[in-house]
Amino acid sequence: MLSGLLRSLFRSLWQRANGARKWFRAFRRTRPFWGGAWMMTGGWVILHYAMAPIQLLVAHGLTSMGGYLFGGGLMACGFIVWLAPKQRFTFGGIGALLAIGSLIGSNLGGFFFGMFVGVVGASMTLGWGDKKPRRRDRERLAGAGR
């Protein structure tokens, strides 16, 4: 009785995990996933090195907000290309400009590392294209068009 219940529970958990894996795989393949992930990582690095106490930010004004603006903007661009892959050109370009602008506006772009990772992510996003159909599917479509 107990082993049958455990077997049923294990089977149910396995099916749910398999369904979640398939969903994530489809999510990852239908959008510029890695470009967005690299942009968010670069934004986090820029933001991390720009963290300053709030008293310092208030005392210095907008000049000390560069890290928050560049890093947060780059992270937002990475997240937006995940949610709206059709906007990859717009937010990939904005992300590249934010990453390059962080060189001047925020601690040398997270000491060059955040800027580099952000530019790589933005270029991956700009270069991403929809998945091509498989060869046998192309041949079948070409044969149906004759």
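This passage looks at helix α4 and the nonpolar core around Met-39 and Leu-74 in a predicted model.

Helix α4 takes in residues 66-83, and its length checks out nicely. At 1.5 Å a residue, its 18 residues should span 26 Å, and the end C-alpha atoms sit 25 Å apart, so the two values agree. A good part of α4 is tucked away from solvent: the buried residues include the glycines Gly-66, Gly-67, Gly-71, Gly-73 and Gly-78. Leu-74, Cys-77, Val-81 and Trp-82 of α4 are buried as well.

Two of these residues turn up again in the largest nonpolar core. That core has 14 residues, and the ones touching the most other members are Met-39, Leu-74 and Trp-82. Helices α2 (33-49), α4 and α5 (88-105) are the elements that give two or more residues to the core, with the largest share, five residues, coming from α2.

Met-39 belongs to α2. Its relative accessible area is 0%, which is under the 20% cut-off, so Met-39 counts as buried. Leaving out residues up to four places away in sequence, Met-39 touches Leu-74, Met-75, Cys-77, Gly-78 and Val-81, along with Phe-91, Gly-95, Gly-118, Gly-121, Ala-122 and Thr-125. As for Gly-73, it lies 34 residues from Met-39 in sequence, yet the two C-alpha atoms are 9.8 Å apart in space.

Leu-74 returns the contact with Met-39 and, with the same sequence neighbours left out, also touches Gly-42, Gly-43 and Ile-46. Further partners of Leu-74 are Gly-95, Leu-98, Ala-99 and Gly-118. Gly-95 and Gly-118 thus appear among the contacts of both Met-39 and Leu-74.

Conventions
Residues numbered from 1 in each chain as written. Predicted model: local features only at pLDDT ≥ 70, side-chain atom pairs only at ≥ 80, totals over all residues. Heavy atoms only, no water. Helix = DSSP H or I, 4+ residues; strand = E, 2+ residues; numbered from the N terminus. Expected span 1.5 Å × (residues − 1). Buried < 20%, exposed > 50% of the residue type's maximum accessible area, 1.4 Å probe, protein only. Core = buried A, V, L, I, M, F, W, Y, C linked by side-chain atoms within 4.5 Å. Contact = heavy atoms within 4.5 Å.
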